[in-house]
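Reader: Could you take me through this model as you would read it yourself, giving the general idea before each case?

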Amino acid sequence: MKHYRIAVIPGDGIGKEVVPVALDVLQHTAEVFGDVTFNFTEFPWGCDFYQKYGMMMEEDGIEQLDKFDAILLGAVGDPRLVPDHISLWGLLIKIRRSMDQSLNIRPAKYFEGLASPLTAPKEFDIMVVRENSEGEYSEVGGRIHRGADEVAIQNAVFTRKATERAMRYGFQLASQRKGKLTSATKSNGIVHSMPFWDSVFDEVREEFPEIKANQNHIDALAAFFVSKPQEFDVIVASNLFGDILTDIGGAIMGSIGIAPAANLNITGEHPSMFEPVHGSAPDIYGKGIANPIGQIWTAKMMLDHLGEVNMGASLLQAIEETTAAGVKTSDIGGQASTKEVGKEINKRIKVLSGK
Ligand code: NAD
Ligand code: IPM
Ligand code: MN
């Protein structure tokens, strides 16, 4: 019997609605499969916490999280209470950076029964490897010069180490999948960083001659995601390009409320963090209608990461069966509540466990 200690940060907005449902599904999965237990420890960090204590997490928050096997996070941000650059950099980005979660892995895949905006959705199955530590999200040289001729400056930073790391991970992933890798670039318009990105790509691809590798400019790639998603396998992208592309990935599945993500620490020195692609959705918070699939699929990625691939596979199958049966929240064309979707997924997990 394996025991896992999971740090749970519901965060803000719909994070507080979808995380309890994902925990319930995880607990149920553990019970019906019977070979693991989960010990969940919740941390009340987020914008409410900031209003009380003037900080997004406790001062020793990172040390506290370091003791866990994995971190499950909902969403961070309530711009009505705290400006986003304070809340996100004080919690979400702080954890990603302090725990060396250098890669952000985000799938997008066709699901039967989903209300995709594509007129004739074909089966697609994409993995985006998003560089998660630098690029356009660098803290180097950022400043606002006030006064006359105001100007804001921010440096994009692309180190060889982080660029190679993302690309090598992408190639390795492609070799376990359909053997195709696409690099998201913009070397036609971004003069310094993207030609560098391309040159590293050209070097790393030499190590993987069996992989069909190509590159697309991010603007065209964004359009191809909508017009021919079935042509892609693994995509490697910079921090910002990967961010934007994976919201599109959610949209072509039917809703960004479905898309999951894993912030991976690949050195094993710190826990990895699992959080859906979507945010705290203040526009629907409190109505009980948030789609919990992104959070539950994120929990599946956590199970896979912990090595519990059988439970992970059943969880994804239970999600797919639930949407195919028409049990869906309103963002994907149904009428079910957040909690109802969780309950229906639990029923199917029980059947799939064979117990
Ligand atoms: P958002 O993802 O919260 O919402 C965008 C749109 O998608 C909204 O219309 C929302 O209702 C809908 N949506 C999102 N998740 C959904 C779900 N599970 N079910 C149904 N509909 C869903 O993006 P935003 O509005 O740009 O940001 C809101 C706040 O969240 C901001 O503070 C932002 O910084 C933050 N944010 C946090 C994260 C994170 O913590 N990982 C990610 C993105 C945005
Ligand atoms: C995401 C989010 C974050 C990001 C924001 C909220 C800082 O959009 O996880 O996709 O850009 O990484
Ligand atoms: Mn995003």
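Author: Let us begin with one pair of strands, bearing in mind that the model is predicted: E5 and strand E10 (residues 234-237) pair in the parallel sense, and four bridges hold the pairing. Within that pair, valine 129 stands opposite valine 236 of E10.

Reader: Into what order of strands does this pair fit, and with what kind of pairing?

Author: The sheet is open and has ten strands in the order E2-E1-E3-E12-E11-E4-E5-E10-E8-E9, with mixed pairing. Strand E2 (36-42) and strand E9 (212-217) stand at its edges and have a single partner strand each, so one side of each is left without a neighbour in the sheet. When direction is ignored, neighbouring strands of this sheet are turned by 25° against each other on average.

Reader: Which strands are joined to E4 by bridges, and in which sense do they run?

Author: A general point first: in a regular strand the side chains alternate between the two faces of the sheet. In the present case, E4 is joined by seven bridges to strand E5 (residues 125-131), and the two run antiparallel; asparagine 104 has arginine 130 of E5 as its bridge partner. Strand E11 (residues 262-264) is also antiparallel to E4, with three bridges between them, and here leucine 103 stands opposite leucine 264 in E11.

Reader: How many of the residues of E4 are buried?

Author: With 20 or more other C-beta atoms within 10 Å as the cut-off for a buried residue, six of the seven residues of strand E4 (residues 103-109) are buried, so E4 is largely enclosed by the rest of the structure. As for what lies across the strands, helix H8 (residues 239-253) lies across E4, E5, strand E8 (180-185) and E10, and runs at about 155° to E5.

Reader: Turning to helices, how is the packing of two of them described?

Author: Two packed helices are described by the angle between their axes and by the distance between those axes. For helix H9 (residues 293-305) and H10, the axes come within 7 Å and cross at roughly 160°, which makes H9 roughly antiparallel to H10. The crossing of H9 with H10 is left-handed. On the H9 side the contact is made by Ile293, Ile296, Trp297, Ala299, Lys300, Leu303 and Asp304, and on the H10 side by Val309, Met311, Gly312, Leu315, Leu316 and Ile319. Sorted by class, the residues of this contact of H9 with H10 are ten nonpolar, one polar and two charged.

Reader: At what angle does helix H10 pack with helix H11, and how far apart are their axes?

Author: Helix H10 (residues 309-324) and helix H11 (residues 338-353) pack at an angle of about 125° with their axes 8 Å apart, and H10 and H11 are therefore oblique to each other. Their crossing is right-handed. Among the residues that make the contact are Leu315 and Ile319 of H10, together with Ile345 and Leu352 of H11. The contact of H10 with H11 divides into seven nonpolar, four polar and three charged residues.

Reader: Where is glutamate 58 found?

Author: Glutamate 58 is in the loop between helix H2 (47-53) and helix H3 (61-65). With 15 other C-beta atoms within 10 Å, glutamate 58 is partly exposed. Its C-alpha atom is separated by 34 Å from that of isoleucine 248, and the two residues are 190 residues apart along the chain.

Methods: Residues numbered from 1 in each chain as written. Chains lettered and ligands numbered in written order. Predicted model: local features only at pLDDT ≥ 70, side-chain atom pairs only at ≥ 80, totals over all residues. Buried ≥ 20, exposed ≤ 12 C-beta atoms within 10 Å, placed from the backbone. Pairing = 2+ DSSP bridges. Axes fitted to C-alpha atoms, helices over the stretch in contact; angles between N-to-C directions. Parallel < 35°, antiparallel > 145°, perpendicular 65-115°, else oblique. Left-handed = near helix turned anticlockwise from the far one by under 90°. Contact = placed C-beta atoms within 7 Å. Nonpolar A, V, L, I, M, F, W, Y, C, P; charged D, E, K, R; others polar.
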